[in-house]
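This report describes one protein chain, going from a single residue to the strands, helices and surface around that residue and beyond. The sequence and structure come first.

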Amino acid sequence: MRVPSDNLTSPEPLIMRILLRPGAYRHPKAWGGACLAAGVWLVFLGVILCAYRFWWGALLIAVGALEMWIAYRLLVAPLPQRVRELEQSRARVVDDSAARLRRIERDLHDGAQAQMVAVAMKLGLATKKLGGMVDGTGQTDLDRVLELVVAAHRGAKEAITELRDLARGIHPPVLDQGLGTALTSLVASSEVPVELVVDLPERPSAAIETIAYFCAAELLANVAKHSCARHVTLEAVHVPGLLRVRVSDDGTGGARVEARGGLAGLAERVRTVDGRLQVSSPPGGPTVIAAELPSHA
């Protein structure tokens, strides 16, 4: 079984292994800083010597350049590899979080929600049976029992509704069919007329789809609450490497990213995957808010 090449570090050049001891790689910043300082000083001294026709100063310039190259190898060269490692690590964390949320959604749906459905069905049957037993002849105890069972039945149905809302808030099941289908369902339940424009030739990763869906849902909710808009356009466009979700409305405008506000929360969620949120909302409108996300987290 081969190890993926992305996880391998390229071997150091032979000259680096000759000039530097292994201990230098345990403290690369200190060694790199010392080599950089020595290199700059040698180059400066060599230039001065050459200016006074001491041509052996060119040797100092060459040695100084070698020292600065070693400093580069210690300080700068490892950064791209480190960036790739961090990107891979972040991608694993994001995908793992999405998988965890899906497991919670399935557990809620198949566990607690199923139990509450069974309780509600049983209470419903009990309510019917007790209702048939009460004949209005003053059986106050039986009336009280019926009242309690009816209340319990109502509470169980409310708990089921809350569990369903919680499960959808974690991971809407409609997202399993793709972001386009999920946005169509979202638009259908909007209080304001929404024109949907979808261009998704390929599916982004599951984590990106989830973030994009919740961004669209939050932005449409903000339009319904604050903008007094009569028409909204929701666009979801996917180009190579980028997913753009944009909501524009003809409302009153004035939307701003404020601390602890809804837009600030959206901006923070988008930044977790190196995305960005752009807001254009002059007083009087129109308002255009766009979330740009990488195709894969």
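Apart from neighbours within four places in sequence, Glu 235 is in contact with Val 197, Arg 244, Val 245 and Arg 246 in this predicted model. Glu 235 is found in strand S2. With a relative accessible area of 18%, Glu 235 is buried, because the cut-off for buried is under 20%.

One of these contacts is also a salt bridge: Glu 235 pairs with Arg 246, and the closest N and O atoms are 3.0 Å apart. Glu 235 lies in strand S2 and Arg 246 in strand S3, so the pair ties together parts that are 11 residues apart in sequence. Arg 246 counts as partly exposed, at 31% relative accessibility.

**Salt bridges**

A search of the whole structure finds five salt bridges. Three of them are listed here, including the pair already described.

| Basic residue | Acidic residue | N to O distance |
|---|---|---|
| Arg 246 | Glu 235 | 3.0 Å |
| Arg 271 | Glu 268 | 2.7 Å |
| Arg 276 | Glu 292 | 2.9 Å |

Arg 276 in strand S4 and Glu 292 in strand S5 are 16 residues apart, and their salt bridge links distant parts of the chain. Arg 244, Arg 276 and Glu 292 are joined into one network by salt bridges that share partners. Within this network, Glu 292 is buried, with a relative accessible area of 13%, whereas Arg 276 is partly exposed at 47% relative accessibility.

The pair of Arg 271 and Glu 268 lies within helix H8, where the two are three residues apart and so separated by about one helical turn. Both are partly exposed: Arg 271 has a relative accessible area of 48%, and Glu 268 is at 44% relative accessibility.

**Strand pairing**

Strands S2 (residues 232-239) and S3 (residues 242-249) pair in the antiparallel sense over eight bridges. Val 239 stands opposite Leu 242 in S3. The hairpin of S2 and S3 has two residues between the strands, and in this hairpin Gly 241 takes a positive phi near 90 degrees. S3 also runs antiparallel to S5 (residues 287-294), to which eight bridges join it. In that pairing, Leu 243 stands opposite Leu 293 in S5.

**Helix H8**

Which residues of helix H8 are buried? In H8 (residues 262-271) they are Leu 263, Ala 264, Leu 266, Ala 267 and Val 270. These residues cover an arc of only 160 degrees around the axis, which puts them on the same side of H8. They pack against helix H7 (206-227), strand S4 (276-280) and S5.

**Nonpolar surface patch**

Leu 36, Val 40, Leu 66, Trp 69, Tyr 72, Leu 75 and Val 76 form a nonpolar patch on the surface, and together they have about 550 Å² of accessible area. Helices H2 (28-51) and H3 (57-75) each supply at least two residues of the patch. H3 gives the most, with four residues. Leu 66, in helix H3, is partly exposed, with a relative accessible area of 31%.

**The whole chain**

The protein has eight helices and five strands, which follow the pattern α-α-α-α-α-α-β-α-β-β-α-β-β along the sequence. Of its 297 residues, 33% are buried. Among contacts between residues at least 6 apart in sequence, 66% join residues at least 24 apart. The protein exposes about 18,500 Å², of which carbon and sulfur atoms supply 60%.

How values were computed: Residues are numbered from 1 along each chain as its sequence is written. This is a predicted model: local features need pLDDT of at least 70, side-chain atom pairs count only at pLDDT 80 or more; totals for chains, interfaces and linings use all residues. Side-chain values use heavy atoms; hydrogens and water are left out. Patches are made of residues with over 30% relative accessible area and no salt bridge: like charges are joined within 9 Å, nonpolar side chains (Val, Leu, Ile, Met, Phe, Trp, Tyr) within 5 Å. Accessible areas come from the Shrake-Rupley method with a 1.4 Å probe; for residues, only the protein chains shown count as cover. A salt bridge is a side-chain nitrogen of Lys or Arg within 4 Å of a carboxyl oxygen of Asp or Glu. Buried means under 20% relative accessible area, exposed over 50%, partly exposed in between (1.4 Å probe, protein chains only). Two strands pair if DSSP finds at least two bridges between them. The arc is that of the directions from the helix axis to the C-beta atoms. Contact means heavy atoms within 4.5 Å.
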